[in-house]
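Let's go through this one in questions and answers, a step at a time. Have the picture open while you read.

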Amino acid sequence: MDHGLAPTGRGPMVMRRAQAMARETAMATASRTARTATVTAMAFATGTIAGLAIRTAGRAPQAASGALSGIVCPDLALQFTAEFFLPDAIHFYEPRDGHRLPHDPFNAIVGPRPIGWISTRSAAGQNNLAPYSFFNAFNYVPPIIGFSSVGYKDTVRNVQDTGEFVWNLATRPLADAMNASCAAVAPEVSEFDLAALTPVDSRLVRPPRVGESPVSFECKVTQIVQLQGIDGVKVPTWLVLGEVLAVHIRRNLLVDGVYDTALAEPILRGGGPADYFSIGPEQLFRMHRPR
Ligand SMILES: Cc1cc2nc3c(=O)[nH]c(=O)nc-3n(C[C@H](O)[C@H](O)[C@H](O)COP(=O)(O)O)c2cc1C
């Protein structure tokens, strides 16, 4: 029986990736068992995953489970092929022992991440603005967002002292300003000035919002948690959680009353020293939950 874990047919990029994987796997497995070599050679010979077919008789247990998920969810059958399950196909590491790669892949993998562009005001009344990509939303009702400060930075000190912050949406047109606002400057310097941004009074909290940003949330702090490892030892990182009390949305982003994510052109942080992504309508696809 032929389950045909076969053609992806998803364009040149997929083909190139498939060729590279097939080549790599073919080299890594040259001396392996005949069954494995046959599977790999088929992929290499055809130059694409499209030519790869796994036959029940010779299938590794993992590949068989791949075929099973393909039956449950037909799309999976198109995407996963036997070489994905070979031991050498996976780079494995335990972070505490090092990743053995030129760059730590951690934040490139957990990415792209939305950016928490956080404005605060110090107890002395100084405005502060800084981007935090360890940021996300965590609850609907009440709406709760959070960001994590690696190191005890001005923002954490301000939220600890005042209990308030504002989140501002970082967009493609505001990318340079967002970047400028991350400069490590003395607490008495306002990043609003550095980045030539306009502090606009909030309605319910003291920190201003970024006037140029099309969306802002006024927040009050609900929890500040100093993180710790499994050994219970605290690390110098603080997770700040806050309830969203007020929301500002520029009206042009409401299309027939529905907020249009892509229209706002949000930017997201990838990995490495400089990778960002921006979102446009071409990244949108829809998928409903199974009933
Ligand atoms: C896109 C971007 C994302 C960042 N994300 C974080 C983060 O998640 N946590 C963090 O501690 N620092 C992060 N930083 C660095 C801070 O923005 C930087 O240390 C800043 O000076 C902190 O400002 P503050 O001392 O006024 O709070 C990020 C910088 C950029 C440009």
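Q: How many bridges pair S2 and S3, and in which sense do they run?
A: Helices (H or I, at least four residues) and strands (E, at least two) are DSSP runs, numbered from the N terminus. Two strands pair if DSSP finds at least two bridges between them. S2 and S3 run in the antiparallel sense, and their bridges number 6.

Q: What should you know about the model and its numbering first?
A: It's a predicted model, so local features need pLDDT of at least 70 and side-chain atom pairs count only at pLDDT 80 or more, while totals for chains, interfaces and linings use all residues. Residues are numbered along each chain as its sequence is written, starting from 1.

Q: Which residue of S3 stands opposite Thr120?
A: In general, strands of a sheet pair through backbone hydrogen bonds, either parallel or antiparallel. Here S2 and S3 pair in the antiparallel sense. Across from Thr120, in S3, is Asn128.

Q: Which strands are the edges of the 7-strand sheet?
A: The order in this open sheet is S3-S2-S6-S9-S10-S5-S4, with antiparallel pairing. An edge strand pairs on one side only, and that fits S3 and S4.

Q: What angle does H6 make with S2?
A: H6 packs on the sheet and touches S2, S3, S5, S6, S9 and S10; touching here means contact, with C-beta atoms, placed from the backbone, within 7 Å. Axes are lines fitted to C-alpha atoms, for helices over the stretch in contact, and angles run from 0 to 180 degrees between N-to-C directions. The direction of H6 against that of S2 comes to about 55°.

Q: Which strand gives the largest share of the shell around the ligand?
A: A residue is near the ligand if its C-beta atom, placed from the backbone, lies within 6 Å of it. There are 18 residues around the ligand, and Ala130, Phe134, Lys153, Asp154 and Thr155 come nearest. The elements giving two or more residues are strand S3 (127-132), strand S5 (144-150) and helix H6 (154-162). With 4 residues, the largest share comes from S3.

Q: Which residues have the most contacts inside the largest nonpolar core?
A: A nonpolar core is a set of buried Ala, Val, Leu, Ile, Met, Phe, Trp, Tyr and Cys residues joined through C-beta atoms within 7 Å. Buried means 20 or more other C-beta atoms within 10 Å of a residue's own, exposed means 12 or fewer, and partly exposed is in between; C-beta atoms are placed from the backbone. This core has 28 residues, and those with the most contacts inside it are Trp117, Ile118, Trp167 and Ala170.

Q: Is Arg100 buried or exposed?
A: Most residues other than glycine have a negative phi. Arg100, in the loop between helix H4 (74-79) and H5, has a positive phi of about 55°. It has 8 other C-beta atoms within 10 Å, so Arg100 is exposed.

Q: What is the phi of Asp256?
A: Asp256 is in the loop between strand S11 (254-255) and strand S12 (258-259). It counts as exposed because it has 5 C-beta neighbours inside 10 Å. Its phi is positive, near 50°.

Q: What is omega for the cis bond from Val141 to Pro142?
A: Most peptide bonds are trans. Pro142 is in the loop between strand S4 (135-139) and S5. The bond from Val141 to Pro142 is cis, and its omega is near -5°.

Terms used. Two residues are in contact if their C-beta atoms, placed from the backbone, lie within 7 Å.
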